Amino acid sequence: MATAKKRLMEENTGYDPNTIGKPENIAGIVMKITSNLLGTRDLIEMNMLAMENLVPAIRECYTSMQKYPTYPSNFKGISTLDRWNKKLSEMKAIDSLTEDEVKQLKFDIDNIYDEFSNVISTCSLTHNLSLIHICRCRRIERCRSRWSPYH
């Protein structure tokens, strides 16, 4: 993750580790949203469906997505996460989701990820790199991957 942050800083994307969580740090916000959505999806895929795992993950997704400054009017990701956040917060620790609810939650998280990916695909700050690549690239020098504008 440190290398990805270093590259974001070097490539004049506006990323500054001293401003994490502040509105002017769009690249850092995108990275946080992406890692939260992927982490939540991983929890679901690994069947870690206890309320103690899901509630904080959904809440973190919701909180981080609210920090992104502008969404199109048809973006439904935040309202979907809010609905899941409220539903899971009302459940007791011993309660569990039904199989249908788990499938719907996974479907919703995947849709939110895809929708968010489409939102930032027009953003020049990310140089059209994939969300996963921004967060997980471990290369020290400028990336030469298929997503890179440096081919």
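**Reading the helix packing**

Met51, Leu54, Val55, Ile58, Arg59, Cys61, Tyr62, Met65 and Gln66 of helix 3 are in contact with Ile78, Leu81, Asp82, Trp84, Asn85, Leu88 and Ser89 of helix 4. By class, this contact of helix 3 with helix 4 comprises eleven nonpolar, three polar and two charged residues.

Me: Before I read that contact further, what is the overall helix and strand content of the protein chain?
Reply: The model is a predicted one, and in it the protein chain has six helices and zero strands, so that the pattern read along the sequence is α-α-α-α-α-α. Of the 151 residues of the protein chain, 42% count as buried, and among the contacts between residues at least 6 apart in sequence, 62% join residues at least 24 apart.

Me: How are helix 3 and helix 4 oriented: roughly parallel or roughly antiparallel?
Reply: One reads this from the angle between the N-to-C directions of the two axes, where a value over 145 degrees counts as roughly antiparallel. The axes of helix 3 (residues 51-66) and helix 4 (residues 77-90) come within 9 Å and cross at roughly 150°, and the two helices are therefore roughly antiparallel to each other. The crossing in which helix 3 passes helix 4 is left-handed.

Me: And at what angle do the axes of helix 2 and helix 3 cross?
Reply: Those axes cross at roughly 155° and come within 9 Å, which makes helix 2 roughly antiparallel to helix 3. Helix 2 passes helix 3 in a left-handed crossing. On the helix 2 side the contact is made by Ile29, Lys32, Ile33, Asn36, Leu37, Thr40, Leu43 and Ile44, and on the helix 3 side by Asn53, Leu54, Ala57, Ile58, Glu60, Cys61, Ser64 and Met65. By class, the contact of helix 2 with helix 3 has ten nonpolar, four polar and two charged residues.

Me: How many of the residues of helix 2 are buried?
Reply: A residue counts as buried when its relative accessible area is under 20%. By that criterion 14 of the 20 residues of helix 2 are buried, so this helix is largely enclosed by the rest of the structure.

Me: What span should helix 2 have, at 1.5 Å a residue?
Reply: The expected span is 1.5 Å times one less than the number of residues. For the 20 residues of helix 2 (residues 26-45) this should come to 28 Å, and the end C-alpha atoms are indeed 28 Å apart, which agrees.

Me: Which residue just after helix 2 takes a positive phi?
Reply: That residue is Asn47, whose phi is about 60°.

Technical notes
Residues numbered from 1 in each chain as written. Predicted model: local features only at pLDDT ≥ 70, side-chain atom pairs only at ≥ 80, totals over all residues. Heavy atoms only, no water. Helix = DSSP H or I, 4+ residues; strand = E, 2+ residues; numbered from the N terminus. Buried < 20%, exposed > 50% of the residue type's maximum accessible area, 1.4 Å probe, protein only. Axes fitted to C-alpha atoms, helices over the stretch in contact; angles between N-to-C directions. Parallel < 35°, antiparallel > 145°, perpendicular 65-115°, else oblique. Left-handed = near helix turned anticlockwise from the far one by under 90°. Contact = heavy atoms within 4.5 Å. Nonpolar A, V, L, I, M, F, W, Y, C, P; charged D, E, K, R; others polar.
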